[in-house]
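Subject: Structure for your review, with notes on helix packing

Dear colleague,

I am handing over the structure we discussed, and I would be glad if you could look through it before reading my notes. The notes follow directly below it.

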Protein chains: 2
Amino acid sequence: MSQGEVKAAVLLIGDELLSGRTQDVNLQAIAKFLAPLGVEVAEARVVPDVPDEIVAAVNALRTKYDYVFTTGGIGPTHDDKTADAMAAAFGVSIDVRDDARAILEAHYKGVQHLNEARLRMARIPTGATLIANPVSKAPGFQIGNVFVLAGVPSIMRGMLQDVAHRIEGGAVVRSVTVRGRGVKEGDIAAGLAELEAAAPGVSFGSYPWFTLEGFGLHLVARTADAAALAKAETDLTTLIASCGATPEIVVDMA
Amino acid sequence: MSQGEVKAAVLLIGDELLSGRTQDVNLQAIAKFLAPLGVEVAEARVVPDVPDEIVAAVNALRTKYDYVFTTGGIGPTHDDKTADAMAAAFGVSIDVRDDARAILEAHYKGVQHLNEARLRMARIPTGATLIANPVSKAPGFQIGNVFVLAGVPSIMRGMLQDVAHRIEGGAVVRSVTVRGRGVKEGDIAAGLAELEAAAPGVSFGSYPWFTLEGFGLHLVARTADAAALAKAETDLTTLIASCGATPEIVVDMA
């Protein structure tokens, strides 16, 4: 792993992610959102819409990492169990709260009925603060170091706008990617291991690619140290060139 | 969750999945592979290329579920730490094994050098059986109830062909999806909760969708009981129709 000192976990909640019905895209979106804030995603879990599983996972993660981001399970239907699970995890009560109710009332006024199901979306654990939802209004919330967000990707990303200012990040990890067409992992493995051993503050990775047009490698270096990153770029370029390939530099891909 | 009695966990291994560099697609592929075999994915985790994290995760999962599928970290480079972590998790030794070495020797013969780095891919924990790799030859392996697969999606999918015959599945869970254009979750939440309460063997889910052309819902029912599934299809169709929408049935989507 890289050298970021502030670490987060992502907890994706929903049967549909485990059944194969839905392809998750929220983990990558959250990782890309956090990286420039100096927060590294160190672990992720996917759990079903089962309260005990949600509670166990969030309690394991919130004590281990600086921040936890959950997605999913805060809508109006019976399979939306995240808010109650968060209250249980933190040992606090939960009820419809006036500020959240007011947001829903303003949104649904004159358009459709704010029925009991929709009011479920105003159930907020005691002590939580609301996270604005610019897309569909029903708010997320922050409780302790846990940010509880929607599962629909467009809504989740909208909520992140009200999260950035709450994060105290660390050093920002940057990366460089050097691409080598026609290079095989087995040809650079020894050289890459030497680079890793000689640069303890830098994380190196090797990612093969295959397409109809050919194959090759992306070699990636990640570190918060700008000078070390510049040296790694030179070293990776030299390593790719030593295989007879033309190195291509792809900045900020990782 | 649905009613499948045989449960699996998926453990995705790799810094690149947590940094946001790579969008995982293996979880969904494994879930879709297992569903018709009567195995339900009940949990997934993503961990970095850190031996202690890999060991802790696989030990937590292999004791809780019938099967565990890992992806990633079995290539030739220094960041490929999965095989050694599996040996540590099971408390067994690991070394280059003759059968795995023979596969690599046949593959690399005359083409390129079977160097020390590539030989790392023949390191197999004691007691494991090999999993054939029809794509790039370097094998995966099964140790106990854990299947250790490659991270590159095309290679991972190839390896699954040598996994199906090793699985003892349970009842196959099938699903039905009923689509309702223009229907909102808040309008069907109460009715859906009634259906769930009246059919304890069926798992119901509600998934809103939004596009430039409009919005709507997919209501999903999942169960291994064919008669209960047929009733659920009728009930969901009626529920969508009660909102004034035309129900569309999408079989086998979930």
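The crossing of α2(A) and α7(A) is right-handed, and on the α2(A) side the contact is formed by Asn26(A), Ala29(A), Ile30(A) and Phe33(A), which meet Pro153(A), Met156(A), Arg157(A) and Leu160(A) of α7(A). By class, the residues of this contact comprise six nonpolar, one polar and one charged. Please keep in mind that this is a predicted model.

The axes of α2 (residues 26-34) and α7 (residues 153-160), both of chain A, cross at roughly 20 degrees and come within 10 Å; because of that angle, α2(A) counts as roughly parallel to α7(A).

A second pair involves α3 (residues 51-64) and α4 (residues 82-90) of chain A, whose axes lie 9 Å apart and make an angle of about 55 degrees, so that α3(A) is oblique to α4(A). Here too α3(A) passes α4(A) in a right-handed crossing. The residues that α3(A) brings to this contact include Ile54(A), Val58(A) and Arg62(A), while those from α4(A) include Ala85(A), Met86(A) and Phe90(A); the residues of the contact divide into nine nonpolar, two polar and one charged.

As a check on geometry, the 14 residues of α3(A) should span 20 Å at 1.5 Å a residue, and the end C-alpha atoms of α3(A) are indeed 20 Å apart, which agrees. Within α3(A), the buried residues are Ile54(A), Val55(A), Ala57(A), Val58(A) and Leu61(A), and the elements covering them include β1, β2, β3, α4 and β8 of chain A.

Best regards

Terms used: Residues are numbered from 1 along each chain as its sequence is written. Chains are lettered from A and ligands numbered from 1 in the order in which they are written. This is a predicted model: local features need pLDDT of at least 70, side-chain atom pairs count only at pLDDT 80 or more; totals for chains, interfaces and linings use all residues. Side-chain values use heavy atoms; hydrogens and water are left out. Axes are lines fitted to C-alpha atoms, for helices over the stretch in contact, and angles run from 0 to 180 degrees between N-to-C directions. Helices (H or I, at least four residues) and strands (E, at least two) are DSSP runs, numbered from the N terminus. Angles under 35 degrees count as roughly parallel, over 145 as roughly antiparallel, 65 to 115 as roughly perpendicular and the rest as oblique. A crossing is left-handed if the near helix is turned anticlockwise from the far one by less than a right angle, and right-handed if clockwise. Contact means heavy atoms within 4.5 Å. Ala, Val, Leu, Ile, Met, Phe, Trp, Tyr, Cys and Pro count as nonpolar, Asp, Glu, Lys and Arg as charged, and the others, Gly among them, as polar. The expected span of a helix is 1.5 Å times one less than its number of residues. Buried means under 20% relative accessible area, exposed over 50%, partly exposed in between (1.4 Å probe, protein chains only).
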